[in-house]
Amino acid sequence: MADKKDGTGGRRRSPPGSQRGKPLYAAVDLGTNNCRLLVAEPRGQSFRVVDSYSQIARLGEGLHDSGRLSDAAVERAMSALHVIRNKLRQHGVGRVRCIATEACRKAANGADFIRRVQDETGLTFKVIGAKEEARLATIGCYDLIVPEVRSVLVVDVGGGSTELSHVNAGAIRTGGLAGILKDAPILDWTSLKVGVVTLSESVDLSDEAAAWPLMLERARTAVKSWPAVERVARRLAEDDGYLIGTSGTVTCLAGVHLKLERYRRDKVDGIWLTRQEGRDTMDQLRHLGVEGRARLPTIGEERAPLMLAGCAIMEAVWEVFDEHKLRVADRGLREGILLSMMHGQRPQRRRRPKRPVARPAPVGDGNVG
């Protein structure tokens, strides 16, 4: 949630194209609430951001009740994707990977929407599963794992679901970036069927004071339904581990805690919040109400209605994994995609057949039209 509509709020942009003639890569993440783009060039074991863009498209709005993507939601997403397509052309991006998550997984018309996107924009989306979503978010947070810790819990609060990944930090240190890209050492993981959009739509938000306990109880039930929750909580305590929060909910919490007059990624990414600091900030946001939250410079009108659900999910997670510090990550899925594209194992070339064989042109990830 760091990036603003024009792409300038969360990350500093560079001039179009690579400064050193290096190839440009792009990751497009179409979620239940946000549509995001990140364009970058390789730099060592990481990358340099060239451009970023984020638009709240609310693709999953109404999906909880209807089981379908609404016409209005589809048009909002298409508008954002046309902007992204133009940015890719402007920068001359060579390699693109586009992924869609919970909303397109659940919607009865999700496949039809993906086909329309390809027809109109040339962007080829792959609908990934929750486990792959958790893996990519974990890769994206790779360098927020401190050397002395033995395990961490990555918490990715999305619009339609929340992924929890208990990660073996020792294995990450041993294997490095190449190791986590080859086989992310996730000890346990789950995808909770609560996200900021789905949880918000499950209650009547006209009275937030009455809605809060209902949302919190549903979030608690979801967290406690994870069969591995007690084992993970015990292991995290033994390892003196911590939480890594990768979501708009968490970055907004950090911005409010820091009392920022405008969102600054360099101030937010990587900072630590104690349990008490998190609780105090969430209490502040609850008491402000939706109008008060909308006036906060690091939240705004579009995010304000969803923050109550985000706070409920984080409170439910933090209750189970109590007293553990939270490290804020303004990074996640898109960064994981880029690192996988730039530094992951490249597919082996197929041997040429002895005789020419006519084959249809491939259509898949990497097409930009």
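This passage walks through the overall make-up of the protein, one of its helices, one buried serine and one pocket. The model is a predicted one, in which local features need pLDDT of at least 70 and side-chain atom pairs count only at pLDDT 80 or more, while totals for chains, interfaces and linings use all residues. Residues are numbered from 1 along each chain as its sequence is written, and side-chain values use heavy atoms, with hydrogens and water left out.

The protein has 14 helices and 11 strands, taken as DSSP runs (helices H or I of at least four residues, strands E of at least two) and numbered from the N terminus. Of its 369 residues, 57% count as buried, that is, under 20% relative accessible area with a 1.4 Å probe and protein chains only as cover. About 16,800 Å² is exposed, with carbon and sulfur atoms supplying 48% of that area, as computed by the Shrake-Rupley method with a 1.4 Å probe. Among contacts (heavy atoms within 4.5 Å) between residues at least 6 apart in sequence, 74% join residues at least 24 apart.

Helix 2 makes a good place to look next. Its 21 residues, 71–91, should span 30 Å at 1.5 Å a residue, and the end C-alpha atoms are indeed 30 Å apart; the expected span is 1.5 Å times one less than the number of residues. Its buried residues include Ala73, Val74, Leu81, Ile84 and His91. The buried residues of helix 2 pack against strands 1 to 5 and helix 4 (110–121). Just after the helix, Gly92 takes a positive phi of about 65°.

Turning to a single residue, Ser165 lies in strand 7 (residues 162–168). Ser165 is buried, with a relative accessible area of 1%. Leaving aside residues up to four places away in sequence, Ser165 touches Ala134, Thr138, Val152, Leu153, Val154, Ile186, Asp188 and Trp189.

The second largest pocket has a volume of about 260 Å³. A pocket here is an open set of points on a 1 Å grid over the protein atoms alone, where a 1.4 Å probe fits, with protein on both sides within 12 Å along at least five of seven lines; lining residues have an atom within 4 Å of a point. Of the 14 lining residues, Ser46, Phe47, Asp143, Arg331 and Glu335 are the closest to the centre. Strand 3 (46–56), helix 5 (130–140) and helix 14 (333–343) each give two or more residues to this lining, and strand 3 provides the largest share, 3 residues. The lining divides into 6 nonpolar, 3 polar and 5 charged residues, where Ala, Val, Leu, Ile, Met, Phe, Trp, Tyr, Cys and Pro count as nonpolar, Asp, Glu, Lys and Arg as charged, and the others as polar.

Note on methods:
Points joined across faces, edges and corners; volume = space filled by probe spheres on them. Buried < 20%, exposed > 50% of the residue type's maximum accessible area, 1.4 Å probe, protein only.
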